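Work through the following exercises with the sequence and the coordinates side by side. Try each task before reading its solution.

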Amino acid sequence: MSKQINHTLSHKLQSRADRGLLRKLRTGDGLVDLCSNDYLGLARDEKFKLLLLRLTVDFPDDMTGATGSRLLAGNTQIAEGVEAEIAKIHKAEAGLIFNSGYDANLGLFGCIADEGDTILYDELVHASIHDGLKLSKANNIAFKHNDLGDLEEKLKQTHGQVFVSVESVYSMDGDFALLDEIAVLCELHNAALIVDEAHATGFVGETGLGLVNHLGIEDKCFARLHTFGKALASHGAIILGSNTLRNYLTNYARPFIYSTALPPHAYRQALAAYWYMLGNHQKIEQLYSLINYYREKTKGLPYQVLDSPSAIQGIVVPGNAEVRALAQKLEEKGFDTRPIVSPTIPKGAERIRICLHSFNTTAEIDRLITELK
Ligand SMILES: Cc1ncc(COP(=O)(O)O)c(C=O)c1O
């Protein structure tokens with residue numbers, strides 16, 4: 001029987017390969033990192049590593065694992081304290097930590113709306129939101145990317161409780177949501193705004209706290225998501241909102257209820273990463289200076305370059321085979337970049353996705369440009 005199933009699986013994999021879509025695990029060892037989400041270089045920062053070692057030594061009574069879900073044996077004063085502290089840092093009433101951003105979106109979108117309600121979402125939101133929406137009983141409707149007219153049109157036609165889902169920084173195009181304007185529209189149409197700050201955490205705003213804090217519109221958001229696994233070089237994610245939202249998620253968000261919680265050191269690390277980020281503004285300044293350098297230098301390239309103000313950049317190379325070939329060439333020259341192919345993005349918009357970091361150098365950018373030319 002298993003031979004037959006393996007045969008079917010191989011057949012499906014071959015079909016993916018024939019379409020140029022086969023995913024493979026690989027490492028970027030020894031290459032210039034233009035791919036990871038370690039925007040501030042915290043994951044490789046010696047001082048940050050020492051800080052974490054000290055935390056382990058200073059709290060020898062911490063258990064090594066959570067030993068259960070938060071609703072069973074896995075809750076601790078550390079978990080609750082860190083949630084309260086991070087919520088305070090972001091000027092939110094409360095927060096609930098999930099094991100990952102994926103879990104958080106699955107949990108939130110899977111339970112927040114009922115039959116008869118509507119969730120309007122930007123067409124470019126992340127797969128984790130799409131997967132959460134699949135679990136929802138609400139009416140889920142996409143609006144055109146960052147298109148205020150289309151959003152307003154759809155807001156006028158909706159029924160029940162309405163939610164609007166956007167990201168601060170879009171993970172494929174690197175552009176920012178028109179968040180101020182979207183928040184006004186939500187207020188006008190009595191819709192609850194949900195903002196995913198996964199890629200904004202760490203480098204949007206002078207202190208890296210994200211777009212909502214930067215704009216000062218905390219009270220206009222119903223829920224916000226910050227992930228710890230990207231610029232904060234840790235693991236897990238927090239949903240910020242009211243105490244009622246926290247209680248609701250504790251009761252209805254299935255990835256929270258039915259999964260073993262993070263171990264105590266993971267909560268300590270997430271909070272330590274916040275402190276470290278808040279005390280190291282120069283990393284954010286270094287990153288923006290590199291973004292500006294890259295934007296200036298890519299002006300003369302024989303490719304369409306995405307107009308992105310963030311650490312996520314893109315060079316459009318139409319065609320799956322073509323973009324893969326270029327990524328392969330860049331790898332041979334020592335750069336870790338990844339091709340983004342269709343149907344992840346629309347046909348013709350295939351691209352090399354480039355993530356910039358505070359630790360990348362202008363010399364690396366110069367070399368990249370030379371290779372691209
Ligand atoms: C916008 C967005 N939300 C959520 C997630 C999931 O976060 P995590 O990696 O912590 O599961 C990602 C991951 O790439 C993301 O890009």
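The exercises below go from the whole chain to its domains, its core, the ligand shell and some backbone details.

This is a predicted model, in which local features need pLDDT of at least 70 and side-chain atom pairs count only at pLDDT 80 or more, while totals for chains, interfaces and linings use all residues. Residues are numbered from 1 along each chain as its sequence is written.

**Exercise 1. Describe the overall build of the chain.**

Begin with the secondary structure, which comes to 14 helices and 13 strands, where helices (H or I, at least four residues) and strands (E, at least two) are DSSP runs numbered from the N terminus. The radius of gyration, taken over C-alpha atoms, is 21 Å, close to the 21 Å from the globule rule for 373 residues, so the chain is as compact as a globular protein of that length; the rule is 2.2 Å times the number of residues to the power 0.38. Next consider burial, where a residue is buried if 20 or more other C-beta atoms, placed from the backbone, lie within 10 Å of its own, exposed if 12 or fewer, and partly exposed in between. By this criterion, buried residues make up 44% of the 373 residues.

**Exercise 2. State how the chain is divided and describe the domain 1 side of the contact between the parts.**

The domain bounds, which come from an automatic or database domain assignment, give domain 1 (24-40 + 281-372) and domain 2 (49-278). Their centres, taken over C-alpha atoms, are separated by 27 Å. Counting contacts (C-beta atoms, placed from the backbone, within 7 Å), 18 residues of domain 1 meet 17 residues of domain 2. On the domain 1 side, helix 12 (281-297) and strand 10 (312-316) are the elements that give two or more residues. That side has ten nonpolar, six polar and two charged residues, with Ala, Val, Leu, Ile, Met, Phe, Trp, Tyr, Cys and Pro counted as nonpolar, Asp, Glu, Lys and Arg as charged, and the others, Gly among them, as polar.

**Exercise 3. Locate the largest nonpolar core and its contributors.**

A nonpolar core is a set of buried Ala, Val, Leu, Ile, Met, Phe, Trp, Tyr and Cys residues joined through C-beta atoms within 7 Å. The largest one holds 102 residues, and Leu 193 and Ile 182 are among those that touch the most other members. Helix 11 (residues 264-278) supplies the largest share, eight residues, and each of the two domains contributes at least three. Beyond residues up to four places away in sequence, Leu 193 touches Val 164, Ile 182, Ala 183, Cys 186, Lys 220, Cys 221 and Phe 222.

**Exercise 4. Characterise the shell around the ligand and the helix that gives the most to it.**

Taking residues whose C-beta atom, placed from the backbone, lies within 6 Å, there are 14 around the ligand, of which Ser 100, Gly 101, Tyr 102, His 126 and Ala 198 come nearest. By class, the shell divides into three nonpolar, nine polar and two charged residues. Helix 4 gives the most, with three residues. This helix (residues 101-111) is mostly covered, ten of its eleven residues being buried, including Gly 101 and Tyr 102.

**Exercise 5. Examine three backbone details.**

Most residues other than glycine have a negative phi, and most peptide bonds are trans. The peptide bond from Ser 342 to Pro 343 is cis, with omega near 15°, and Pro 343 lies in the loop between strand 12 (338-340) and strand 13 (351-355). Lys 91 has a positive phi near 55° and is partly exposed, with 13 other C-beta atoms within 10 Å. Asn 146 also has a positive phi, of about 55°, but counts as buried, with 20 C-beta neighbours inside 10 Å.

Methods
Contact = placed C-beta atoms within 7 Å.
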